Amino acid sequence: MERKISFSWLLIPISILLMLGFALFVERSGISYTVSQRPTHFLDPLPDISSVENSAIQPDCLILFDSEGNQKNSSYNTVIAALNSMKVPHTDVDVSQPSQIEFEKYETIVTTFLLFSRIDSQLDELMAWVENGGKLMLAIRPDNSTFFSRIADSTGIASLSFGIVESNGIEFLTELLPGVNGVQFGETFIDHTSLPVVLDDDVKLHLISADDQEIPILWETQLGSGKIVF
């Protein structure tokens, strides 16, 4: 019997792909790697990396996660693994706990949760932050709700239909990774839920579903002086 695997719960090969894609996003966003030792001090004892990240370096990357969300933190764990492997300092904020997020402290923000109702009171502030030069990555597709629809047009979406659609596989439309342009895989064993969207003409679309629907899966767009990767 053919087995279906949900894209949303981080199938291992897709997890690796997301980590590579996130690494490209980090590089293009200008986030610097942690340098733990100057070359002229190569004979000195190496400092403790955790203390360097936690005290000497002010993180410019903010990860927003939902400890009570039903995506089981899979997207959050993938993002954290990618950042930690590159020793990129970051601050993590749980959006399920009431607090005021200080977007202006960061150059890059990554959302890893579904319910944008969690940050409803600051959605306009978040988009203004992007317009002023911030870089936002939505590492998992949001829930299709009135909360997200308020900002959908700012993320490169021309129109958003009701509900969620089931789609299968992925197809690369660009050289997101070397040699992958035009490559399809997973149509018979990867199924995932996607937003039924039509994108703006100036959006750079990287991935679509490999089925006849050709649902947009991964894209990037400019917003003012900033950038959004969805």
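What follows is a walk through the fold, one helix, one loop and the salt bridges of this predicted model.

Starting with the overall picture, the protein has five helices and 14 strands. Half the chain is tucked away, in the sense that 50% of the 230 residues count as buried. Contacts between residues at least 6 apart in sequence lean towards the long range: 68% of them join residues at least 24 apart. Nine of the strands line up in an open sheet with mixed pairing, and the order reads E3-E2-E4-E5-E14-E13-E12-E8-E9. Strand E3 (91–94) and strand E9 (184–185) sit at the edges, each with a pairing partner on one side only. At the E3 end of that order, E2 and E4 run parallel to one another and share four bridges. Within this pair, Leu 62 is found opposite Ile 109 of E4.

Helix H3 is the one that packs on this part of the sheet, where it touches E2, E3 and E4. Its direction makes about 160 degrees with that of E2. H3 covers residues 74–85, which is 12 residues, and spans 17 Å between its first and last C-alpha atoms. That is close to the 16 Å expected at 1.5 Å a residue. A good part of the helix is out of reach of solvent: Ser 74, Ser 75, Tyr 76, Thr 78, Val 79, Ile 80, Ala 82 and Leu 83 are buried. For reading such a list, it helps to recall that residues three or four places apart point the same way, because an α-helix has 3.6 residues a turn. Just past the end of H3, Lys 87 adopts a positive phi of about 55 degrees.

The loop between strand E4 (108–111) and helix H4 (123–131) deserves a closer look, and Gln 122 is one of its residues. Despite its polar side chain, Gln 122 has a relative accessibility of just 3%, so it counts as buried. What does the side chain of Gln 122 make a polar contact with? One partner is the side chain of Glu 125, at 3.1 Å. Another is the backbone oxygen of Ile 101, which lies 2.9 Å from a polar atom of the Gln 122 side chain. Setting aside neighbours within four places in sequence, Gln 122 is in contact with Ser 99, Gln 100, Ile 101 and Phe 103. Ile 101 therefore turns up both in this contact list and, through its backbone oxygen, as a polar partner of Gln 122.

Ile 119 belongs to the loop between E4 and H4 as well. Its relative accessibility is also 3%, so Ile 119 counts as buried too. Once residues up to four places away are left out, Ile 119 touches Val 95, Ile 101, Phe 113 and Leu 126. Ile 101 is thus among the contacts of Ile 119 and among those of Gln 122. Looking further along the chain, the C-alpha atom of Ile 119 is separated by 9.9 Å from that of Leu 64, although the two residues are 55 apart in sequence.

Charged pairs come next, and the whole structure holds six salt bridges. One of them links Arg 118 to Glu 68, with 3.8 Å between the closest N and O atoms. Arg 118 is in the E4–H4 loop while Glu 68 is in the loop between strand E2 (61–65) and H3, so this pair ties together parts that are 50 residues apart in sequence. The two ends differ in how open they are: Arg 118 is partly exposed at 30% relative accessible area, whereas Glu 68 is exposed at 54%.

A second salt bridge joins Glu 102 and Lys 105, whose closest N and O atoms are 2.9 Å apart. Here Glu 102 is partly exposed, with a relative accessible area of 40%, and Lys 105 is partly exposed at 48%. In a third, the side chains of Glu 220 and Lys 227 meet at 3.2 Å, N to O. This pair is tucked in, since Glu 220 is buried at 13% relative accessibility and Lys 227 is buried at 12%. Some bridges also share partners, and in that way Asp 66, Glu 68 and Arg 118 are joined into one network.

Key:
Residues are numbered from 1 along each chain as its sequence is written. This is a predicted model: local features need pLDDT of at least 70, side-chain atom pairs count only at pLDDT 80 or more; totals for chains, interfaces and linings use all residues. Side-chain values use heavy atoms; hydrogens and water are left out. Helices (H or I, at least four residues) and strands (E, at least two) are DSSP runs, numbered from the N terminus. Buried means under 20% relative accessible area, exposed over 50%, partly exposed in between (1.4 Å probe, protein chains only). A polar contact is a pair of N or O atoms within 3.5 Å; within protein, one must be able to donate a hydrogen and the other to accept it, and residues adjacent in sequence count only if both atoms are side-chain atoms. Contact means heavy atoms within 4.5 Å. The expected span of a helix is 1.5 Å times one less than its number of residues. A salt bridge is a side-chain nitrogen of Lys or Arg within 4 Å of a carboxyl oxygen of Asp or Glu. Two strands pair if DSSP finds at least two bridges between them. Axes are lines fitted to C-alpha atoms, for helices over the stretch in contact, and angles run from 0 to 180 degrees between N-to-C directions.
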